[in-house]
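Trainee: Please choose one residue of this model for a close look, and start from the meaning of the word you will use for its surface access. After that, please carry on to other positions and to the protein as a whole, in one connected account.

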Amino acid sequence: DAERMQWWEEARFGMFIHWGIYTVPAGFYQGKPVSNSAEWIMNKGKIPIAEYEKYADQFNPEKFDAKEFVALAKQAGMKYMVITAKHHDGFSMFDSKATDYNIVDATPFKRDVLKELAKECQKQGLKFGFYYSQAQDWHHPGGMGNSWDKTLKRVSSDEYVYEKALPEVKQLLTEYGPIAIFWWDTPRAMTKSVVDSLHHITTALQPRIITNDRLGDDYPGDHKTFERNGPRHQPEARYWELCQPVSGSWGYRRDDNKFKSIPNLIRNLIDQSSKGGNYLLNVSPTNEGVLKPEAVERMRAIGKWMDKNSEA
Ligand code: JFZ
């Protein structure tokens, strides 16, 4: 186990990417800003499924270049990358076989960005992994979390997992090369048997995979996850990670200018790593597929600091 965790323990710094069709409304619904992180807009704005689906028609991030993203992460000194394969809104950012509600079948863009990033990470020597919202799915009638769309004809959560989550997880672990990390999020009350299945399929298909602690109660995973300004003291856990957005929101919203200062980011990195933890710093690609210049500037500055301070 220690051997499996070795690269992760030495990595210290990774890139988190929250990207989805919520970058089309980019924090605004019916002309008004919707509070909270951009990827929650469907929930916070109580947007009906049929209406939210239309954002997919407008999602065409033609400036996206996987090579540039991976190179930027590398240059910043990051050793791994974790991207949202499916967030709570239920939209699959890859060529899902389980649903047409995905980036290839439902957008004019038609490119599998996860495949592009997986290939590029392998080429440039970065570890690659997926964030996957296993419990919340506001688009599927068995997914959890959607209490506002009364047109949803409810089915059981098990049905959702067997129809969508399990097949998608299986696909992500078999068609995208070596997957270093599976990052679960927001556990909710699902039956023990489906949670067990999600866990077993993940470790069976990629035995060296590293998982976080957000699958469900019975699964502490390999490492603990802390959020934003979470504990900065030395936690008891041997393996832990602090995740934080570089600005105010995980997903891109056009009014988000709360970029953390460069000294603050460098201090956070030193703080985590000196206490034995990893720092997963989130960036938010826009609906054009690029990062805001403020984010790029910060990655480059961290990289410069790394170069200057690393031993020859
Ligand atoms: C979750 C998501 O809901 C959010 O959109 C984002 O993806 C983030 C990384 O994870 O939000 C959480 C989950 C757990 C805590 C806080 C926010 N927590 O434990 O404090």
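Mentor: A residue is called exposed when its relative accessible area is over 50%, buried when that value is under 20%, and partly exposed in between. The residue I choose is Lys46, and because its relative accessibility is 55%, it counts as exposed. Please keep in mind throughout that what we are looking at is a predicted model.

Lys46 sits in the loop that runs between α2 (41–44) and α3 (49–52). Its backbone deserves attention, since this residue has a positive phi of about 50 degrees although it is not a glycine. As background, most residues other than glycine have a negative phi.

A useful companion to Lys46 is Ala26, which is not a glycine either and has a positive phi of about 50 degrees. Ala26 also belongs to a loop, in this case the one between β1 (13–17) and β2 (28–29). The surroundings have to be described in other terms, however, because a relative accessible area of 3% makes Ala26 buried, whereas Lys46, at 55%, is exposed.

Two further loop positions extend the picture. Thr99 is placed in the loop between β4 (80–86) and α6 (113–124), and it counts as buried because its relative accessibility is 16%. Once residues up to four places away in sequence are set aside, Thr99 touches Ser92, Asp105, Lys164 and Glu168. Met144 lies in the loop between β5 (127–132) and α7, and since its relative accessibility is 17%, it too is counted as buried. Leaving out neighbours within four places in sequence, Met144 makes contact with Ala135, Gln136, Asp137 and Trp138, with Ser157, and with Arg188, Ala189 and Met190. By way of a distance, the C-alpha atoms of Met144 and Trp240 are separated by 27 Å, while the two residues are 96 residues apart along the chain.

From loops we can turn to regular elements, taking two glutamates. Glu241 is placed in strand β9 (residues 240–245), and its relative accessibility of 1% is the reason it counts as buried. Its contacts, with neighbours up to four places away left aside, are Trp8, Tyr80, Trp183, His223, Lys224, Thr225, Phe226, Asn278 and Leu280. Between Glu241 and Lys74 there are 19 Å from C-alpha to C-alpha, for a sequence separation of 167 residues. Glu9, by contrast, is part of helix α1 (residues 2–11), and at 25% relative accessibility it is counted as partly exposed. Beyond its neighbours within four places in sequence, Glu9 is in contact with Arg238, Tyr239 and Asn278, and Asn278 also appears in the contact list of Glu241. The C-alpha atoms of Glu9 and Leu126 are 14 Å apart, although 117 residues separate the two along the chain.

The nonpolar interior comes next. The largest nonpolar core holds 85 residues, and those with the most contacts inside it are Met81, Phe130 and Phe182. Helix α7 (residues 157–174) gives the most to this core, contributing seven residues. Apart from it lies another core, of 16 residues, among which are Ala11, Ala180, Ile181 and Trp250. Setting aside residues up to four places away in sequence, Phe130 touches Val82, Ile83, Ala85 and Leu114, and also Leu172, Tyr176, Ile179, Ile181, Phe182 and Trp183.

Finally, these positions belong to a fold whose secondary structure comes to 10 helices and 10 strands. The C-alpha trace spans about 60 × 45 × 35 Å along its principal axes, and the radius of gyration is 19 Å, which agrees with the value near 20 Å for a compact globule of 312 residues. Of those residues, 58% count as buried. Among contacts between residues at least 6 apart in sequence, 71% join residues at least 24 apart. About 13,300 Å² of the protein is exposed, with carbon and sulfur atoms supplying 51% of it. As for charge, the mean positions of the 42 positive and 42 negative charges are 4 Å apart.

How values were computed: Residues are numbered from 1 along each chain as its sequence is written. This is a predicted model: local features need pLDDT of at least 70, side-chain atom pairs count only at pLDDT 80 or more; totals for chains, interfaces and linings use all residues. Side-chain values use heavy atoms; hydrogens and water are left out. Helices (H or I, at least four residues) and strands (E, at least two) are DSSP runs, numbered from the N terminus. The radius of gyration is taken over C-alpha atoms; the globule rule is 2.2 Å times the number of residues to the power 0.38. Buried means under 20% relative accessible area, exposed over 50%, partly exposed in between (1.4 Å probe, protein chains only). Contact means heavy atoms within 4.5 Å. Accessible areas come from the Shrake-Rupley method with a 1.4 Å probe; for residues, only the protein chains shown count as cover. Lys and Arg count as positive and Asp and Glu as negative; His and the chain ends are not counted. The place of a charge is taken as NZ of Lys, CZ of Arg, CG of Asp or CD of Glu. A nonpolar core is a set of buried Ala, Val, Leu, Ile, Met, Phe, Trp, Tyr and Cys residues joined through side-chain atoms within 4.5 Å.
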